[in-house]
Amino acid sequence: MASPQSDEPPPQDKGKSRASADVQDPTERTPLLSNSPSSSRSRSVTGDEEARLLASRTRPTTPLLSKLLSVFFVSLSSCVLIFVFLALLAFSYGSGASREAPDALVQRALVVRGPDKIDVLNISHSDGIWLQVDGRVGIDAGAALGVNTDVEDGLLKDIWKSIGRWGIERVDRISVNTSTVSVFSEHGHLAEVSFPGVTLPLTANPPDDPSWLTPISVPVLIQPTKDLGTLARFVRDSWRDGIVNVRAVVNETVVDALGGWLHLSREHVSSTVRITLPHLPPPDRIPVTLKSFLIESTPTHLALSGNATILNPVPEDMNIHATLPELPFTVSLPTNDTAEPIANVWTAPIAITHPNISLFLSGEVTSIPPAAQPALSHFLSLYLAAQPNPIVISTPYLPDLTFPSLFPAPNPKPQVLRNVTIRNMMVRYSSDGKGTMLASGTVFGRAVLPKGINVGLDVTRIFPDVLVFDGEVSKDGEEEDPTKEDGQDSRSRPHLPHIPHPRIPRLSDIPSLPRPTLPSLPSSLPLPLPSELPKPRIPFPALPIGHSHPQAHDHPPPPAPPLPSPLPPRAFAHIRPDDWLPATCTRVEGDPEEGTAVEVEAKIVDVPLQVLEGREKEFRSFVGKVIFSTQGALAGVQGTAAVGVRIEGLPFRHGSDDGGEMELTGLPFEGRVRVGKRAAF
């Protein structure tokens, strides 16, 4: 049996509850639009709710707005504070660097090692000198900003520096572009230097060794100043003092970082560069070795070629390597107050190596002005005497910049005059009554130039200065030994008695004789005499006299060298003519390992033979050998000679008074002469 309560219908709510009860839950079959009353009521109820919701939204919500404004202002304040903090932090890093002079900042932050290699790419008289410079560069940004670690730093300062180093790591690298760099010294403007921009990494806390430096290779254009006098003084003073002290001025420097986001520019940046050079010898004391050379005559000029080595004065530990292109040079000879050019030469490309630098040269002798002829003669005389010669080297690129140097002497010393002798030598007393001895004969010898000098040579005149010895010429350090002559011991010959100084009888020694009585001539002659009697012809020997040669008086004799002191053993006489002796010259075949060879001879007639003071004993001994020896006497001759020569192809300018001749002085020689009975007196 059912309960009575179960049959009662459930209670019905009123109002909103009833309305919501009438609304059925929508299903997939429920139409979107319905015309039922319940739908209408639902729409009306929904509209009321929406109106209430819209009304509630239009009214301000005070708690939410204040929260949003609070978050916004807190964020803005934080950003401003962070920005101000970062700005102050950046200012704290950069304030010290900004207050510091650029010169000191660059010297502390910029680290350069090298150059490790320098290649000369091109040299142009108009553009300048192009170089390719390799080196190592680094920027110690930590030193520039003062954030490198220090054991004495406190906690706060260490944190402050750590933030700075972190910022340097974030920036990583910078690009530096500069305008043309002007270089000055105490003497004035030296050069303009241009190079492209470079990108360099920033470093903080770099190690002590140079491993952190960045290798770079930069093309550099150097345009030297036109004031070559200033440049010459700078090079001379720097070479002498061993210090390069210059000031570099940059009109504008631009630094970019962080992909261009950070851009800095500074104007009129100046820095002093001071470089200590290693000890360098003076330019004229740098050893130069002439390996080989060749001088050849052509119809128009003298051609030059050769190779030499020069000591590299730069220390090897500087590790400088460079290659120079073909360069022109002018070689000049110093005179009293100037330098006269004598040759133009060109070098093959030069590689700077250690310990020596090899030079390969070619060129030609220039036209010789009259003022340079004495200097050229002196140069050749010193060279043939194995003595170094001072020269001056310059280049057309820097015409006012000259470098003194020394032309090396040949080694071994060349023997130019050989096989010197006097043929048909005669000695007699002068008729002046002063007892002067006169010598006559023919000087003969061979002139051989050093290896490499293959020129047409014509010896036109000679001037000998001779010492005459009793026997062979004494060698250096040889003691006088009168018991030897011609390699024989004089003790094997019979002893000769003392022979007084020979004396020619004079007319005053002839006793007075009665004058013969001549018969008187008749007053009249049988045949008429002619109105003019023929003049008698007295034959004179046709011997050329050197000092009367018309060309000899055009040239003054060379200065007389002093006699050796002490006199060498067995030297007893001195022969020196009063003037040049005209010579004849014939070219002969010589040794392929030597230069041009010629035979020269000149006649001497009545040249004074002066017996040396204190050597009368040697003179009497020599005369005794001449008179009593069946083979005659052997006389050694030693001395120096000056020669006048013409060289084929050697160009001379107009105005030369001697027709292109040069005088070579101080040429040593020695030889031997055989003097017999018929050759004396």
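**A tour from a surface patch to two sets of paired strands**

Select L155, L156, I159 and I163: these residues make a nonpolar surface patch of about 420 Å². Patch members have over 30% relative accessible area and no salt bridge, with nonpolar side chains (Val, Leu, Ile, Met, Phe, Trp, Tyr) joined within 5 Å and like charges within 9 Å. A salt bridge is a Lys or Arg side-chain nitrogen within 4 Å of an Asp or Glu carboxyl oxygen; accessible areas are Shrake-Rupley values with a 1.4 Å probe, and for residues only the protein chains shown count as cover.

This is a predicted model, where local features need pLDDT of at least 70, side-chain atom pairs count only at pLDDT 80 or more, and totals for chains, interfaces and linings use all residues. Residues are numbered from 1 along each chain as its sequence is written, and side-chain values use heavy atoms, without hydrogens and water.

Stay on L156, in helix α6 (residues 155–171). Helices (H or I, at least four residues) and strands (E, at least two) are DSSP runs numbered from the N terminus. L156 counts as exposed because its relative accessibility is 70% (exposed is over 50%, buried under 20%, partly exposed in between).

Next, select β1 (residues 110–124) and β2 (residues 128–140), antiparallel strands joined by 11 bridges; pairing requires at least two DSSP bridges. Three residues separate them in a hairpin, and V120 stands opposite L131. β2 also pairs with β7 (residues 214–224), antiparallel over nine bridges, and with β6 (residues 198–203), parallel over two.

Finish at β25 (residues 571–575), where five of five residues are buried. β25 pairs antiparallel with β22 (residues 457–470) over four bridges, and H574 faces L467 there.

Conventions:
Buried means under 20% relative accessible area, exposed over 50%, partly exposed in between (1.4 Å probe, protein chains only).
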